[in-house]
Amino acid sequence: MSDTAAIPAKSSLSLRRLALLLGGLAMFGPFSIDTIFPAFPAMGAELGADKLEMQQTISVYLVAYALMSVVHGPLSDAIGRRRVIIGGLAVFTLASVACALSEELPTLLFFRAVQGLSAGVGLIVGRAVIRDVLHGDDAQRLMSQVMMIFGIAPAIAPIIGGWILGWAHWPAIFWFLVGFSVLLLAAVIFMLPETHPPQARLALKPKRLLRDYVAIFLNPRFQRLTAAGAFNFGALFLYIASAPAFVLDILKLNEREFAWFFVPTIGGMVLGSFVSGRAAGKVSGDRLVNFGFAFCALALAINLGYNLWTDAPQVPWAVVPMCVGAFGIALVFPIVTLSILDMYPHQRGSASSLQAFSGLVVNAVLAGVISPLLSDSALHLAIAASVLTAVAWGFWRWEASVSKTACARLPENAVVVEPQDSL
């Protein structure tokens, strides 16, 4: 398929296919994290690594993911979305092969980092693809559909990992990732058209890229929206990063029972994404975000109350708050992301990259520093999640207040200049 092929804007079949493909591309990042969770004890025993050292297989992946995320978007702005996605999938496939063949922890950590360098193309560039082809409420619907598909990954990945571990050695999990990435690579080559035509591309100049990144990052509205999204999702990601300890040590479940945590959690996210898509054009984005934060607050109240009441958390009650919180997060995240992308219609890749980088830095700190310190106690995790959500809510209220004040000050005949025009 030609790189300059266009997606028919009014073809529902094409958009459904695009949603499935972009959802699949977004899935292989979470698959890289969650599929190996059930294998942590076996991997640690064979590689001579303790729990903290095994946690670094997540941290190095996220750090590399974050560092490279600032490159994926601008590169796709310069050479096209399709080429960047194909290149990233190819590198990820080779890195997964190397992980499967690793016999020492340092080797595994190195190739986990290589996985992280390439895994962001699906999610980051995919967001730009959505805004290339759709606008307004239609973009919100497609973003919500992609999130619904994306949300399945953390639910089924540890289950798949547990099944694989039941009949094969832990390297088989990485061979599964190889097969999944090859399948996606074939789908992209034969099904994904180029949505960013040559005439709309920007020259890849390091000085200009750095200048644009600085301008975007220093934009106060970008900072508020990005912080609101990152810290809100961070409350859930803290539990995802702590899943091995939370499931195995705190809930006293076994390697094949990760579904008790992930299925309700991701079920809430999928349901929230569905509601977000159905609400597009019917409920304003601001109201939807407020509803989302209300559900997050309810989840935190249940979580804190339950963990203060009991010293031995058990399913299903211990995972109910994650389900409710994930529902709220899924209402918030599409609105925040599209608001950021709409600020920079000519630099969607760069804006998506910088948003992803900011969120990944938060997630890397949560996985590498906060989770090891707090994952010995369900109450400690609940308190930390509450703090993260409160910080996110504060940034959102700050943005809402500033935006309302700015609109009130505009005269009736004022001309609004888009942020990218001043870069």
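So, a cavity here is a set of points, on a 1 Å grid over the protein atoms alone, where a 1.4 Å probe fits but cannot get out. Grid points are joined across faces, edges and corners, and a volume is the space filled by probe spheres set on the points.

Quick caveats: this is a predicted model, where local features need pLDDT of at least 70, side-chain atom pairs count only at pLDDT 80 or more, and totals for chains, interfaces and linings use all residues. Residues are numbered from 1 along each chain as its sequence is written, and side-chain values use heavy atoms, with hydrogens and water left out.

Okay, what turns up? Searching the whole structure gives five cavities of 30 Å³ or more. The largest has a volume of about 670 Å³. It's lined by 39 residues (each with an atom within 4 Å of a point), and Leu123, Arg127, Phe150, Phe233 and Asn363 are the closest to its centre. Helices such as α6 (121-133), α7 (136-167), α10 (220-241) and α15 (348-374) are among those giving at least two lining residues each; helices are DSSP runs (H or I, at least four residues), numbered from the N terminus. That lining splits into 28 nonpolar, nine polar and two charged. Nonpolar means Ala, Val, Leu, Ile, Met, Phe, Trp, Tyr, Cys and Pro, charged means Asp, Glu, Lys and Arg, and the others, Gly among them, are polar.

Now the second largest, at about 150 Å³. Its 15 lining residues include Ala235, Ala299, Leu300, Pro321 and Gly325, the closest to its centre. Which helix gives the largest share of this lining? That's α14, with five residues. And there are no charged residues in this lining, just 11 nonpolar and four polar.

Note on methods. 1 Å grid on protein atoms, 1.4 Å probe; cavity = no way out; pocket = protein on both sides within 12 Å on 5 of 7 lines; lining within 4 Å.
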